[in-house]
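Biologist: I have a protein to go through for a first-year class. Could you put it on the screen, so that we can take it piece by piece?

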Amino acid sequence: MVQNIKQVGENRFRETFGRHYEGFHVGDIYEHRPGRTITKTDNTWFTLLTMNTHPMHFDDEYAKESEFGKCIVCSPFTVALMVGMSVTDCSQKAIANLGWDDIKMTYPLFEGDTLTAESEVLEKRESKSRPGAGIVTIRTSGFNQDGKLVCSFIRKMLIAKEGHSVEDKVNY
């Protein structure tokens, strides 16, 4: 988590989060904490909110007969959690997410498992059309409590340069 404090008045300070484009360095790895233990309620609600009707995510009796013997966490929920975990480090100052590629679900995640994540900066370049921004590409990897890789994806983001973020403009 990237947290900075800026002084906004006499004896008054404000916390800020995230990195500007200049704060990303190719090869750096950011470990995202806290982790998140996934509950049955999390999995059931996410599945039903997104109209995913596969019973492997919310029907214990159905899931008992599967190769896993129990419900598995809905994979888009795993991706969403990993993205959320990475926001304070990687995209708090983003102008836009440009896309996700190469999403891999490499190991099942179950209710009661604790997910952690980390992101590696793969590349960065200045935007050709927006002089106040750059494009940063990261690989985010998620792990269960035993350190097994459960998911990974590549995300490309348009990130504001210092002095060009919405936060800078509104003195947030």
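**Strands, cores and cysteines**

Modeller: To begin with the strands, β5 and β6 run antiparallel and are joined by 10 bridges. The model is a predicted one.

Biologist: How many residues lie between β5 and β6 in their hairpin?

Modeller: β5 and β6 are bridge partners, and R125 is paired with I135 in β6. The two strands form a hairpin, and the number of residues between them is 6.

Biologist: How many bridges join β6 to β7?

Modeller: β6 and β7 run antiparallel. One of the pairs is T137 with its partner K156 in β7. The count of bridges joining β6 to β7 is 11.

Biologist: Which residue takes a positive phi in the hairpin of β6 and β7?

Modeller: This hairpin has 5 residues between the strands. A positive phi near 85° occurs there, and the residue that takes it is G147.

Biologist: Is strand β6 largely enclosed or largely open?

Modeller: Strand β6 covers residues 133–143, which makes 11 residues. Of these, 9 are buried, so the rest of the structure leaves β6 largely enclosed.

Biologist: In what order do the elements of the protein run from the N terminus on?

Modeller: The protein has 4 helices and 7 strands. Read from the N terminus on, the order is β-β-β-α-α-α-β-β-β-β-α.

Biologist: What share of the residues in the protein is buried?

Modeller: The C-alpha atoms fill a box of roughly 60 × 40 × 30 Å along the principal axes. The protein exposes about 9,800 Å², and carbon and sulfur atoms supply 50% of that area. Of the 172 residues, the buried share is 40%.

Biologist: Which element gives the most residues to the largest nonpolar core?

Modeller: The largest nonpolar core has 16 residues, and those with the most contacts inside it include I38, F77, L109 and C151. Two or more residues come from each of α3 (75–91), β5 (114–126) and β7 (149–160). With 6 residues, the element that gives the most is α3.

Biologist: How many residues are in the other core, which lies apart from it?

Modeller: Among the residues of this other core are F24, C90, I138 and M157. Its number of residues is 9.

Biologist: Why do nonpolar residues gather in cores at all?

Modeller: It fits a general tendency: in soluble globular proteins, nonpolar side chains tend to be buried together.

Biologist: Is C151 buried or exposed?

Modeller: C151 is in strand β7. Leaving aside neighbours within four places in sequence, C151 is in contact with T78, V79, M82, K104, M105, T106, T140, S141 and G142. Its relative accessible area is 0%, and the cut-off for the term is under 20%, so C151 is buried.

Biologist: How many disulfides does the protein have, and why do C71 and C74 not form one?

Modeller: A disulfide needs two cysteine sulfur atoms within 2.5 Å. The sulfur of C71 is 11 Å from the closest cysteine sulfur, which is in C74, and that is too far for a bond. Both cysteines are buried, C71 at 3% relative accessible area and C74 at 1%. The count of disulfides is 0.

Biologist: Which residue offers its backbone oxygen to the side chain of R19?

Modeller: R19 is in the loop between β2 (12–17) and β3 (29–37). R19 is buried, with a relative accessible area of 17%. A polar atom of its side chain lies 3.3 Å from a backbone oxygen, and that oxygen belongs to D89.

Biologist: Which elements do the buried residues of α1 pack against?

Modeller: Helix α1 spans residues 40–49, and its buried residues are D42, N43, T44, F46 and T47. Just after α1, M51 takes a positive phi of about 60°. The elements that the buried residues of α1 pack against are β3 and α3.

Conventions:
Residues are numbered from 1 along each chain as its sequence is written. This is a predicted model: local features need pLDDT of at least 70, side-chain atom pairs count only at pLDDT 80 or more; totals for chains, interfaces and linings use all residues. Side-chain values use heavy atoms; hydrogens and water are left out. Buried means under 20% relative accessible area, exposed over 50%, partly exposed in between (1.4 Å probe, protein chains only). A polar contact is a pair of N or O atoms within 3.5 Å; within protein, one must be able to donate a hydrogen and the other to accept it, and residues adjacent in sequence count only if both atoms are side-chain atoms. A nonpolar core is a set of buried Ala, Val, Leu, Ile, Met, Phe, Trp, Tyr and Cys residues joined through side-chain atoms within 4.5 Å. Contact means heavy atoms within 4.5 Å. Two strands pair if DSSP finds at least two bridges between them. Accessible areas come from the Shrake-Rupley method with a 1.4 Å probe; for residues, only the protein chains shown count as cover.
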